[in-house]
Structure formats: C-alpha cells, structure tokens
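Okay, thanks for squeezing me in, everyone. I'll put the structure up and then walk you through a few of its helices.

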Amino acid sequence: MSKPTYAWGRFWLETLALVPLLAAWAWWFRDEPPIALSVPVAFGFLTLLDAARRVHSPRLILCGMMGWVLSFTPDATIAGTVPGFMCLLLLTERAPTTRSAVFWIATFGAVAIGVGYNWIAPTVELFGGLPISVGILAACAFGVLGTVHGLIFAPLYRALLSRGRRPHPMTVAALWVACESLPLRFFPWLVGYGAVNMPPLMQQAEWGGVPGVSFAVLCLIAPVYEWLRWGFAKSGPPARPVAALATFLIGLAFFGWGHMRHLDVKASQTADAED
C-alpha cells in the first residue's frame, strides 16, 4: 500500500472512531449546550484542518484526554482520570518534539477546560463591552492556565525518557504530583480532587493532603499505562512491568489502608449518632 493511501486510510479510520466519542461527549453534557457542542465543533475544525494540510494531529488521544473533565464535574468520577492521565502520557511520548507536546496539552486545556468557563465569554461581552470573540479567547486562556502543571510536566517527562530507559512508574506519579503542587494555577485542577467520591483514596488526605490523594491515585494508574506499553508498544525504551507491579501494589496498599480508615470513621460517626 502506498504511503498516501495509508495516510488517507488512517485519517478516515480516526475520523470514524471520533464520531461515537464526540457523540458520547455531547450526550453526557446534553443539559449544558455550550459544553456539549464545543468539543465536537473544535475537533470538527481540527479534522478539516488535518484534511487540508494532510497532517495527522493526535485527535484520538486528545479525545481520550477529554474524559478527564468527568473527574471535575459536580458528580465527579475518578473513571475520567484513568483515560485522561494515560492519554496525557501517550501524547507526551508520541509528540515529535517537546514543543509539540506542550502545544497539544495547551490545546486540551483550551478546549476541555476552557469550556468549563463558558460564562466568561458572555460576561466579557455584557460587562466589558468587548466582542464575544475576546471573551472566547479569555475562556481558552483560563483553560490553558489550568493545565500549566501539565505544560511543565511534559518536558520533564520527555527528559526522563531521553536517557534511553523508561522512568519508574512511581517516579512518574511523583513527578506529576510535584508539578501540580506548584502554586502557578488559578484553579485547582488536581488529580486528587477527582477522587472526591472514592472514600478509600480520599483518606490519604489525612497524611498528605490533596497531593497525597493524587499520588495514591496515580500509583494505580501509571502502572496500568506501563503494562499497556509492555504489551503493545513496538518502539522506544522497553517497558518496566516489574516496576509497574511494585507501584501498583503500593497503590493497593494505600487503597486498603484508606478503606480500613474509612470504616473506622463510619463506625465512629455511627457511635456518635447513637449517643
């Protein structure tokens, strides 16, 4: 098969794969039309741009990262963090350059997080007397600022990979927590906040605050990504399945301790209520 044919075949396969993902997004946020429509429109534009330039952007990976938004909705679910963080790692590794990785993470922020600030655009127009386009740019800027820790993480993670050996999954978790702990953001888009409805993991806040919760969560997610690399990756430094197992066991230990601690808290609350 010739190279141009392969490129177009990949383009159409990715486009077809995006349809159910974008439809699921629109359905999930069906009660909030600005959010429901923003991502399909943005990726529709990206698809047209790909077709015109004949350049493949990481559209599928970015759509996977969009799931991360579900961890920061009023009914937060940690399930959104799993594809979000793994796709972040995949995007950072696959980007041809560090600048490209930073650009696509910023794009994720502008689209996925920026839509959460959909109130900014009409506010700027109504009270600032500025065009709606300025308000949209302001919302996107807020979204990018919400991912500043990811923009810092990307070059550091790629630097670890450049040594020719994959970093320990626990190092990956610790590096992310260190980056998200930097006081450089306007809003707290931290991994730990996505575990608000997962009591065994939230108990880690007793000893480590939100960073402790983030670390415990990522000790369960980073190993899964490493195992996927071990099973499917055909290039790059070899994966470290044993290190992944050690990290996962530590994550399970955190979860087990949190579960026992949560049972103690519930028992104490029950006893107080009976008194």
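**Helix H4 and its neighbours**

So, let's start with H4: 10 of its 14 residues are buried, so this helix is largely enclosed by the rest of the structure. Before I go on, keep in mind that this is a predicted model.

H4 runs over residues 81-94 and reaches 20 Å from its first C-alpha to its last, close to the 20 Å expected at 1.5 Å a residue. Which of its residues are buried? You've got Thr81, Gly84, Phe85, Met86, Cys87, Leu88, Leu89, Leu91, Thr92 and Glu93. And what covers them? The cover includes helix H3 (59-66), helix H5 (98-113), helix H8 (148-161), H9 and H11.

Let me pick up two of those, H9 and then H11.

H9 is residues 169-180, so 12 residues, reaching 17 Å end to end by C-alphas, close to the 16 Å expected. Its buried residues are Pro169, Val172, Ala173, Leu175, Trp176, Val177, Cys179 and Glu180. Hang on to Val177 and Glu180, please.

Now H11, which covers residues 205-232 and includes Ser214. Is Ser214 buried or exposed? Its relative accessibility is 0%, so Ser214 counts as buried. Leaving out residues up to four places away in sequence, Ser214 touches Val177, Glu180, Leu190, Val191 and Gly192. Val177 and Glu180, as I said, are among the buried residues of H9.

Val224 sits in H11 too, but Val224 counts as partly exposed, because its relative accessibility is 30%. Together with Leu228 and Phe232, Val224 makes a nonpolar surface patch of about 290 Å².

That's my tour, happy to take questions.

Conventions: Residues numbered from 1 in each chain as written. Predicted model: local features only at pLDDT ≥ 70, side-chain atom pairs only at ≥ 80, totals over all residues. Heavy atoms only, no water. Helix = DSSP H or I, 4+ residues; strand = E, 2+ residues; numbered from the N terminus. Buried < 20%, exposed > 50% of the residue type's maximum accessible area, 1.4 Å probe, protein only. Contact = heavy atoms within 4.5 Å. Expected span 1.5 Å × (residues − 1). Patch = residues over 30% accessible without salt bridge, like charges linked within 9 Å, V, L, I, M, F, W, Y side chains within 5 Å. Areas by Shrake-Rupley, 256 points an atom, 1.4 Å probe, with all protein chains shown as cover. Salt bridge = Lys/Arg side-chain N within 4 Å of Asp/Glu carboxyl O.
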